[in-house]
Structure formats: C-alpha cells, structure tokens
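Please open the structure in your viewer and keep the selection tool at hand. We will go from one selection to the next, with a short stop at each.

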Amino acid sequence: MSRRINALIYAAIVGLVIVAIFLGFLSGFDNIVSWILIISLILVSFIYGKTKKSNQIEWKDEYSVGVQILDDDHKKLVQLLNQFSTAYDYAMSESFERKALEDLIDYTKTHFSREEQIMEENGYPDVENHKAQHKKMIAQVETFVELYNLKGHDALEEVSNFLTKWLINHINGTDKQYTEHLNNRGVL
C-alpha cells in the first residue's frame, strides 16, 4: 500500500476516534470509554511515529569529502533531495513537485560544475572519468523528467529512489577518491 493511502487511513481512524471521544464526553467526563480512547489515540500516534519509514536522508560526518565548499554543496543537495522526497511522499501539488525536482536538478548541475572546476584547477588526474559520471547521471535524471512529464506523480518514486542511492554512493565512492589529492593541494 502506498504511503498516501496509509496516511489517509491513519488520518481517518484518528478522526473517527476523536469523534468517538467527543461523543463519549457528551455523557460526562467520567465516561471511561472516552479516557481509554484518548490513551489509545496517544499510543497509536506514538507507535505510528516510531514505525513509519522516512525517505529523509540525514547528513552524517562520514559523508564528508574533506573539502568544505563541496561538503556544503553535498549538504544542500541532501536538503533538496529531502524536500523532493517530501513532495513525493505527501503527494504535494504538481507545481510543488515540479519545483522541488527542478531545484534539485539545477543545484546538482551547479555543484557538478563547481566540483569539476576545483578538480581541474588542482590537476586531479581522474577528472575526465568524474565528469563522465556526472554527465551520465544528468542524462539519467533528464529521462526521469521526461517520464514525469508523461506519468506525473507516479514516476517520482523511481526518481526519488535513484537519486537517494546515487547521491550517497557517489559521495562515499567517487567523490572520496579526490579528497587526498585536493587536501594535499591545500584545498580544505
């Protein structure tokens, strides 16, 4: 079942329980059923909050590539990816989804450009391979945009999953390969 349906079912149940509590209190505040429902509502809300799966990425120090400006870019990308995931998870309006996706893509291109420039300026030997990975990723994202234009919201799960995996794998893999080289050149 999709998250939207789960959230809708949860909201409907909570609404019904609140109505039942209110109706129970109409007969007096000593109505034990209303108090039991209040306790149940609190427990269900607590359990739901603990068990719901989040697509949000939390920045970890282990993602650091040792270059502050690039780490800041990566943090911004994580923030934009989380914003995009929220737009998808909660089925925001098409304009919000599209804006979140466009912001993520635009900043990704900005980051790639900055990263490539820093690598070139500092003679990073594998810069061409790194650029090729960036181009391949942008091409993949552009196909997702086309898919979104055709399918709308239903295409976003695949986009969200791809971008989340790609970003973390790219930072922890390819990007970490330039850390020593750039740090040795005084780029911190």
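What follows is a tour of a few helices and the places where they pack together.

**Stop 1: colour by confidence.** Keep in mind that this is a predicted model. The protein chain has an average pLDDT of 87, and 94% of its residues score at least 70. Select residues 3-26, helix H1, to see where confidence is lowest, with a mean of 82. Then try residues 179-184, helix H7, where confidence is highest, at 93.

**Stop 2: helix H4.** Select residues 94-121, the 28 residues of helix H4. How far apart are its end C-alpha atoms? They are 40 Å apart, which agrees with the 40 Å that the helix should span at 1.5 Å a residue. Just after the helix, click on Gly 123, whose phi is positive, near 60 degrees.

**Stop 3: H3 against H4.** Keep H4 shown and add helix H3, residues 68-89. The two axes come within 9 Å and cross at roughly 165 degrees. Angles over 145 degrees count as roughly antiparallel, and H3 and H4 are therefore roughly antiparallel to each other. Their crossing is left-handed. To see the contact, show side chains on H3, including Ile 69, Leu 70, Leu 77, Leu 80, Leu 81 and Phe 84, and on H4, including Phe 96, Leu 101, Leu 104, Tyr 107 and Ile 118. Colour this contact by class and you will find 14 nonpolar, four polar and six charged residues.

**Stop 4: H4 against H6.** Now hide H3 and bring in helix H6, residues 156-172. Do H4 and H6 run roughly parallel or antiparallel? They pack at an angle of about 25 degrees, with axes 13 Å apart, and that makes H4 roughly parallel to H6. This crossing, too, is left-handed. On the H4 side, pick Glu 97, Leu 101, Leu 104, Phe 112 and Glu 115; they meet Leu 156, Val 159, Leu 163, Trp 166 and His 170 of H6. By class, seven of the contact residues are nonpolar, one is polar and two are charged.

**Stop 5: H5 against H6.** Finally, leave H6 on screen and select helix H5, residues 127-151. The axes of H5 and H6 come within 10 Å and cross at roughly 165 degrees, which makes H5 roughly antiparallel to H6. Here the crossing is left-handed. Among the residues in contact are His 130, Met 137, Val 141, Phe 144 and Leu 147 of H5, along with Glu 158, Phe 162, Leu 163 and Trp 166 of H6. This contact divides into ten nonpolar, five polar and one charged residue.

Technical notes. Residues numbered from 1 in each chain as written. Predicted model: local features only at pLDDT ≥ 70, side-chain atom pairs only at ≥ 80, totals over all residues. Heavy atoms only, no water. pLDDT = per-residue confidence, 0-100. Helix = DSSP H or I, 4+ residues; strand = E, 2+ residues; numbered from the N terminus. Expected span 1.5 Å × (residues − 1). Axes fitted to C-alpha atoms, helices over the stretch in contact; angles between N-to-C directions. Parallel < 35°, antiparallel > 145°, perpendicular 65-115°, else oblique. Left-handed = near helix turned anticlockwise from the far one by under 90°. Contact = heavy atoms within 4.5 Å. Nonpolar A, V, L, I, M, F, W, Y, C, P; charged D, E, K, R; others polar.
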